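Q: I would like to learn how to read a model like this one, feature by feature. Could we start with the structure in view?

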Amino acid sequence: MDSRNRIFIVTALYFQSIQALPVISLTPARNITFDALPHRVSLVLPTLVPQHKNRGTESTTMTAMLAVHDLCVSYSTGEGELHPALVGVHLELQPGEILGVLGESGSGKSTLGTALLRLLPRNACITRGAVVFEGRKLLQLTSEELRQIRGQRISIIFQEPSRALHPTMRAGQQVSRVLAAHGINRKKSLREKTRRAFDAVFPGETERFLESYPHQLSGGQRQRVLIAQAIACEPSVVIADEPTASLDPTTQSEILNVFRSLKKQLKVAMIFITHNPALLVGLADRVMVLYAGRVVEAGTVEKVLTSPAHPYTRALFQSIPPEIAESGNSRKAKLMAIPADLSQESLLPEGCCFQARCTEKMEVCSAAEPTLINLGDSQSVSCFKYTH
Amino acid sequence: MSLTVENLVKRYLRRNAVGSEEVFALRGISFTIRPGSTLAVVGASGSGKSTLALCVAGFEEPTSGTICFDAAENAKLDANERRKKRSQIQLIFQDPASSLNPRWKVSEILAEPFALQKKLSGDEMNHQAHILLNHVGLSRSFLTRRPGALSGGQRQRLAIARAIALEPSLLILDEALSALDCSVQAQIANLLVDLQSALGMTYLFITHDLAMAAHLADEIAVMAHGEIVEQGPAEKIVMQPSHQETRNLLSAMAHLPRAMPPVPERP
């Protein structure tokens with residue numbers, strides 16, 4: 001890397017760091033920031049414990065396309081302290097499966113999405129764990145190897161569509177640049193593949209939107225262009241980080257329908273990150289509930305959404321206003337809010353991460369940290385209620 | 001305070017290549033809110049609901065139409081009377097992170113309304129700040145913090161504390177819950193209900209969340225393209241919607257499967 005290039009990259013990194021979220025649209029301009037990753041990774045890798053001790057889960061991961069073992073990520077603060085954002089997260093993703101990751105702000109759900117592709121901000125480091133994708137250990141790859149995977153095999157969609165698109169480039173061009181960055185150079189196949197991606201997100205209106213500029217598009221349409229970028233290279237995994245957060249309910253339900261049709265047509269596996277459990281209905285196959293960087297509950301959508309087991313999940317679902325048909329007599333009644341919030345103060349150094357806000361706290365909860373246990377085949381929970 | 005809005009029109013001029021074209025954000029809005037009650041204005045993005053909030057709060061001058069607080073027409077008041085009236089109307093925005101000065105301590109943020117409208121001594125201001133924090137459920141230890149050290153829910157509580165400092169009679173909530181997590185939304189919604197019954201405030205609650213509107217409001221007005229297309233008691237709007245726009249909004253709502261079943265058995 002020559003020095004001029006390096007200055008450019010540092011500037012690019014700087015601009016990326018002043019934005020609230022590092023946005024990757026996979027246009028070449030942004031891809032340059034990927035090249036900068038050696039600098040960042042060098043901060044990350046030395047602290048990495050090469051292998052996870054417990055190899056007992058290895059056999060189950062043979063079938064999983066993407067497997068995460070014991071992933072721990074910490075952010076360093078200005079005072080040199082380390083704040084854990086993810087603590088021992090395990091997950092497995094089968095081909096074509098949609099995993100919903102549910103959590104409130106500060107639960108570590110976005111950190112999880114970015115850690116999988118090593119796109120964490122500079123003050124974060126992966127302190128432990130392994131990410132295995134199609135048999136390759138992502139945390140050990142060189143940045144060039146990782147670049148081949150990002151956007152092509154695993155792509156990511158962020159929540160702010162207005163920031164992720166280039167303002168002076170036509171939508172179609174922004175999608176074909178992703179393809180070009182991954183080695184598709186012949187004009188004809190570029191055109192065809194771009195068109196195919198647009199067909200999936202703008203059924204019947206491909207022509208109109210290929211030539212549009214971002215400012216001519218509404219929020220929902222821009223989000224569709226981002227989805228087109230993400231699926232252009234026909235990846236096997238798409239990570240969607242709150243893809244509908246800034247949209248109004250009508251547009252939100254349209255975008256959810258786009259995701260549902262992607263699931264049917266392209267059979268792409270997805271990690272769908274959200275804070276709203278209702279969005280997972282009819283979309284996700286399995287759900288993982290994160291609280292304070294820990295998986296507190298996981299299971300099939302049917303199980304977790306209809307019979308949540310962890311006190312946090314139960315309280316979270318009860319804090320949502322009841323469906324309108326039932327709300328007639330309960331209007332202006334108190335909603336069942338969870339006391340306090342997920343802040344550093346509510347995280348006690350020992351015991352369960354939810355104990356300070358839990359209404360069913362027991363003595364054991366402040367003494368030890370619970371581990372995930374299975375409740376039947378399709379649900380697991382980390383709470384002492386089910387072990388004592 | 002009762003609020004009566006009649007035939008409110010707001011027109012913006014949008015420049016283009018050949019000159020400028022007129023864009024109507026509000027096309028003749030009329031409604032009345034009874035003192036101490038809540039009107040929710042719901043609508044999709046671009047329906048004009050935020051422009052309505054800005055006009056009522058006095059940030060935007062309406063093109064035509066009248067806004068009356070307690071039967072006094074706003075446009076006919078002189079500058080001094082308007083200024084006094086304005087302390088009676090407070091606005092809370094969607095994003096507390098950008099509506100609070102990041103360099104100010106909580107104590108300074110809470111002192112500002114008093115400094116602008118009432119001449120209070122330092123001790124009195126401190127006393128008032130304690131009362132306000134108590135109202136919104138924050139402890140005194142927050143006074144020396146800055147907004148950056150608060151969570152989203154705490155920031156929105158602070159924004160509410162600042163808004164109620166001058167004991168307003170009308171609170172305009174422009175998507176005040178939309179940026180918060182579900183569990184925090186419930187806390188703030190409960191807080192708003194408590195404050196309304198304690199202080200007798202009138203709420204103009206602007207949102208795109210029909211479920212929350214149905215929960216909090218006495219009446220709902222549905223807006224589309226700058227007009228109110230349907231208005232009535234909250235139950236009626238959500239149980240028997242008559243306009244297509246209302247039905248669209250209702251069908252777009254995502255729901256959890258209801259009726260929480262018993263806790264699963266231990267293995």
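Q: What share of the 388 residues in chain A is made up of buried residues?
A: Please keep in mind throughout that this is a predicted model. A residue is called buried here if 20 or more other C-beta atoms lie within 10 Å of its own, and by that count buried residues make up 47% of chain A. In chain B, which has 267 residues, the buried share is 43%.

Q: How many helices and strands does the secondary structure of each chain come to?
A: For chain A the assignment gives 15 helices and twelve strands, while for chain B it gives ten helices and ten strands.

Q: What radius of gyration does chain B have, and what would a compact globule with 267 residues have?
A: The idea is to set the value for the chain beside the one expected from its length: a compact globule of 267 residues would have a radius of gyration near 18 Å, and chain B, with 20 Å, agrees with that. Along the principal axes, the C-alpha atoms of chain B fill a box of roughly 70 × 55 × 40 Å. Contacts add a further view, since one can ask how far apart in sequence the partners are. Of the contacts in chain B with a separation of 6 or more, 68% join residues 24 or more positions apart, and the corresponding figure for chain A is 64%.

Q: Which residues have the most contacts inside the largest nonpolar core?
A: In soluble globular proteins, nonpolar side chains tend to be buried together. Here the largest nonpolar core has 181 residues, and those with the most contacts inside it are A:Phe272, A:Val287, A:Met288, B:Leu204, B:Phe205 and B:Ala213. Its largest share, seven residues, comes from strand 4 (residues 124–133) of chain A. Because domain 1 (3–289) and domain 2 (307–322 + 334–386) of chain A both give residues to this core, it lies between them. As for B:Phe205, leaving aside residues up to four places away in sequence, the residues that it touches include B:Leu39, B:Leu173, B:Ala213 and B:Leu216.

Q: How many residues does the contact take from chain A and from chain B?
A: One can count the residues on each side and then sort them by class. The contact takes 43 residues from chain A and 38 from chain B. Several helices of chain A, among them helix 12 (249–266) and helix 14 (311–318), each supply at least two residues of the side that touches chain B. That side of chain A has 18 nonpolar, 17 polar and eight charged residues.

Technical notes:
Residues are numbered from 1 along each chain as its sequence is written. Chains are lettered from A and ligands numbered from 1 in the order in which they are written. This is a predicted model: local features need pLDDT of at least 70, side-chain atom pairs count only at pLDDT 80 or more; totals for chains, interfaces and linings use all residues. A nonpolar core is a set of buried Ala, Val, Leu, Ile, Met, Phe, Trp, Tyr and Cys residues joined through C-beta atoms within 7 Å. A residue is buried if 20 or more other C-beta atoms lie within 10 Å of its own, exposed if 12 or fewer, and partly exposed in between; C-beta atoms are placed from the backbone. Helices (H or I, at least four residues) and strands (E, at least two) are DSSP runs, numbered from the N terminus. Domain bounds come from an automatic or database domain assignment. Two residues are in contact if their C-beta atoms, placed from the backbone, lie within 7 Å. The radius of gyration is taken over C-alpha atoms; the globule rule is 2.2 Å times the number of residues to the power 0.38. Ala, Val, Leu, Ile, Met, Phe, Trp, Tyr, Cys and Pro count as nonpolar, Asp, Glu, Lys and Arg as charged, and the others, Gly among them, as polar.
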